[in-house]
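Got the viewer open? Let's take a walk through this one, selection by selection.

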Amino acid sequence: MNAVIPVSEETGFDVVIVGAGIGAHSVALSLPSTLRIAMISQDAVQTSSHWAKGGIAAESCLSEIDAHLEDTLAAGARLNDRDQVHRLVSGAPEAIRFLVELGVVFEPTLEREGGHQSARIWHADGDATGLAVMRVLGARRAASLNITSTTARLVQLVTDGDCVQGALVEQQGSLVLLKARSVVLATGGATGLWSDHTSPDGNIGTGMVAAYRVGATLGDLEFTQFHPTAIALTGSPLPLATEALRGAGAWIVDAEGKRFLFASDPAGELATRDKVSLAMHRHQGMSFLDVEPIGPAALAKRFPSFLEACRRYGHDPFANGPVPIRPAAHYSIGGIVAGPHGETNIQGLYAVGECANSGVHGANRLASNSLLEGLVFGRRAAAHIKDRPTLRQRLRYPSTLALSPRAPSRAAISAIVDVGLGVERDHPTLQRSQAALEALVSNEMNPYFASELQSARELVAMTIQAATLRRGTIGSHTRSDAITENPNYRIEFNQSQPPRRVERQS
Ligand SMILES: Cc1cc2nc3c(=O)[nH]c(=O)nc-3n(C[C@H](O)[C@H](O)[C@H](O)COP(=O)(O)OP(=O)(O)OC[C@H]3O[C@@H](n4cnc5c(N)ncnc54)[C@H](O)[C@@H]3O)c2cc1C
C-alpha cells in the first residue's frame, strides 16, 4: 500500500535551484540579488564539483578558441552540437574572469591534458581545483542574503501541465512544497548507479527522472564516460588519478611494466578517455599508473591529492611501485535535453551542469570541459531566468503525495548496470539486463528511499534501451557487435511517446 504523506508549504521563491555544485552556484551567484532564491541539496559539500581534480579548460583570449572547439568536437566524435560547443568555448575566458573576480586564485601555469592540443587547463591548489573553486563559491553564496540554502532532497517537480510551479522536497522526513516561477536542476550525473564510480554515491540521476516525469525530454543516455585511471585500492567512490598526471608524463602499464596503449592509439597515454578505458578493458590483466617519469618532487608539488589518496590506502607510488587502476563510471553525458540557456521543453524548468544534455560533449566529453559547462551554461541560464515573468498561481497545489514504499535494492540495480552497461556492450547482454531489471524483487523500505530507487530503476531501463538502440560504436559507447551506421542522431525519451531517434542539427 502507498504511504500518503502530507505536504507542508514553504514561502514562495522566485527561483528554486536543486544542487550545490558548480552548476547550481553559477546560476545562484549570477542572478540579481533582488530575487529570492532557494538552493536545496542532499549534500552541499561532497559534490563532484568539490571533488574535481584536474581543472577547467579555457583559452585565455577569444582569438584562441578555435583549437578548443576543434578538440571538443574531436573528443566527442563530432556528435556534438557545434553551436553549443561554440557557446561553451567562447564563454570560457569570461567564466574564468568571473571566478577570479569572486576570489579564486589559479596557478600561473596552464596545464595540458589528454585530448587537448595545447596547455589550456586552469588549476588551483595543485590537483584540488574543484575544492578551491567551490570554497570560494560557497563562501559567496553564504554571504548572499537573498539565497536560502537548505539540506533537502528533491522528490517531485510540480507543474501546471506545461509550466513549472515549484518542487516537492523531503526535509528531515517531512514533505515540503517550494513554490517558484523557475526551477533549475543542477543535480549532477548518474554514475553512482555503477558499482565502480568516482562521483559521490548520491549521484544516481534523481533530477533527470524527476524532469522526465513532468514531461521533459532526456537524451544521449547511452553515453557514459568511464575514467581510465580510477585508483583501485579501495571500494567506491574510487579516488581519481587525475588526467593531468598523464599529461605530466605518467605511464599506464600492465603487470609486466609494459606500456600497452600505443597498440590501439598512437597518442598512447594522451588519447581520450574513451579510447584509454577501452584499451585497458580489452587488455588482459590489471593496469597500473607509473608515476616514476614525473618524479617524487614534482609529484608532491603538483599532485598532492593523488599522493595523499594512494598513501591513505597504504600505497606509496615510489616505494611500492605503480598504482593499480581501473576504469570507473565517471561522467554522465546524457541527461535532460537543454538549450542555449539551459532551458528544457517545460517552461520555467532549466537543467545545467552534468544533469543536462546540452549537446556540448557529443559522444565523449573532453577532459576539463565539465566544470566549464556548469559555469558557462549556469551563467547563461541566470541571464534567461531573470527576465521570466512572475509565478502564475496554480489553482491547486498538492496537499498530499502518495509514495510506494517498495523498491529493489540499490546493489541489485547496480549489479545489472555493471554487466549490461559496462565499457563494452552487446545486444544479448543488454537484452538479458533488461529482463533482469524487470524481474527484480522489490522490498519494503522508507518511502523516500524507495522513491529514489524506483527512479534509479526507471533511468537504468531507459539507458539500457538507449544502448540497445544505438547499434554502432562511437565515442564512449562501444558495442562488441557493432554495425556500421550513420551515427548522427540522438535517442530521446519523452513520456508522451516511445523512444525515438532524432537527427542531429549541427
Ligand atoms: C572525482 C572527480 C573529478 C573530476 N574532475 C574534473 C575536472 O578536473 N574538471 C572537470 O571539468 N570536471 C571534472 N569532473 C566532473 C565534474 O566535477 C562534474 O561533472 C561537475 O562538477 C558537475 O557539476 P554539477 O554542478 O552539475 O553537479 P555536482 O557537482 O555533482 O552537484 C550535484 C548536486 O546535486 C545534489 N543532488 C543530486 N540529487 C539531488 C536530489 N534528488 N535532491 C537534492 N539534491 C540533489 C547533490 O547533493 C549535489 O549538491 C570530475 C568529477 C569527479 C567525480
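Which helix gives the most to the lining of the second largest pocket? Select α4, residues 82–102: this helix gives the most, with 3 residues. Keep in mind as you click around that the model is predicted.

**Stop 1: the second largest pocket**

Leave α4 on and add β24, residues 497–503; each of the two supplies at least two residues of the lining. The pocket's volume comes to about 340 Å³. To centre your view, pick D81, V337, S358, R490 and Q505, the closest to the middle among the 22 lining residues. Now colour the lining by class: you should get 5 nonpolar, 10 polar and 7 charged residues.

**Stop 2: the largest cavity**

Next, go for the enclosed spaces. Searching the whole structure turns up 6 cavities of 30 Å³ or more, and the largest has a volume of about 110 Å³. Select A190, W194, L221, T224 and T463 to find it: of the 15 residues in its lining, these lie nearest the centre. Then show helix α14, residues 447–469, which contributes the most to this lining, with 3 residues. Colour by class again and you get 11 nonpolar and 4 polar residues, with no charged ones.

**Stop 3: an open sheet**

Now switch to cartoon and bring up the four strands in sheet order, β11-β14-β13-β12; the sheet is open and the pairing antiparallel. What is left at its edges? β11 (224–231) and β12 (251–254) stand there with a single partner strand each, so one side of each has no neighbour in the sheet. Look along the sheet and you'll see the twist, which averages 50 degrees from one strand to the next.

Zoom in on β11 and β14 (residues 323–332), an antiparallel pair joined by 6 bridges. For a landmark, label Q225 and, opposite it in β14, Y331.

**Stop 4: helices on the sheet**

Add helix α8, residues 273–282. It packs on the sheet and touches β11, β12, β13 (287–290) and β14, with its direction at about 65 degrees to that of β11. Then select helix α10, residues 304–312, which lies across β11, β13 and β14 and also runs at about 65 degrees to β11.

**Last stop: the annotated span**

Finally, zoom out and select residues 14–371. An unreviewed UniProt entry annotates this range as "domain: FAD-dependent oxidoreductase 2 FAD-binding". The span is 27% helix and 23% strand, and its end C-alpha atoms lie 25 Å apart.

Conventions. Residues numbered from 1 in each chain as written. Predicted model: local features only at pLDDT ≥ 70, side-chain atom pairs only at ≥ 80, totals over all residues. Heavy atoms only, no water. Pairing = 2+ DSSP bridges. Axes fitted to C-alpha atoms, helices over the stretch in contact; angles between N-to-C directions. Contact = heavy atoms within 4.5 Å. UniProt positions renumbered as here; feature names shortened; annotations may be inferred. 1 Å grid on protein atoms, 1.4 Å probe; cavity = no way out; pocket = protein on both sides within 12 Å on 5 of 7 lines; lining within 4 Å. Points joined across faces, edges and corners; volume = space filled by probe spheres on them. Nonpolar A, V, L, I, M, F, W, Y, C, P; charged D, E, K, R; others polar.
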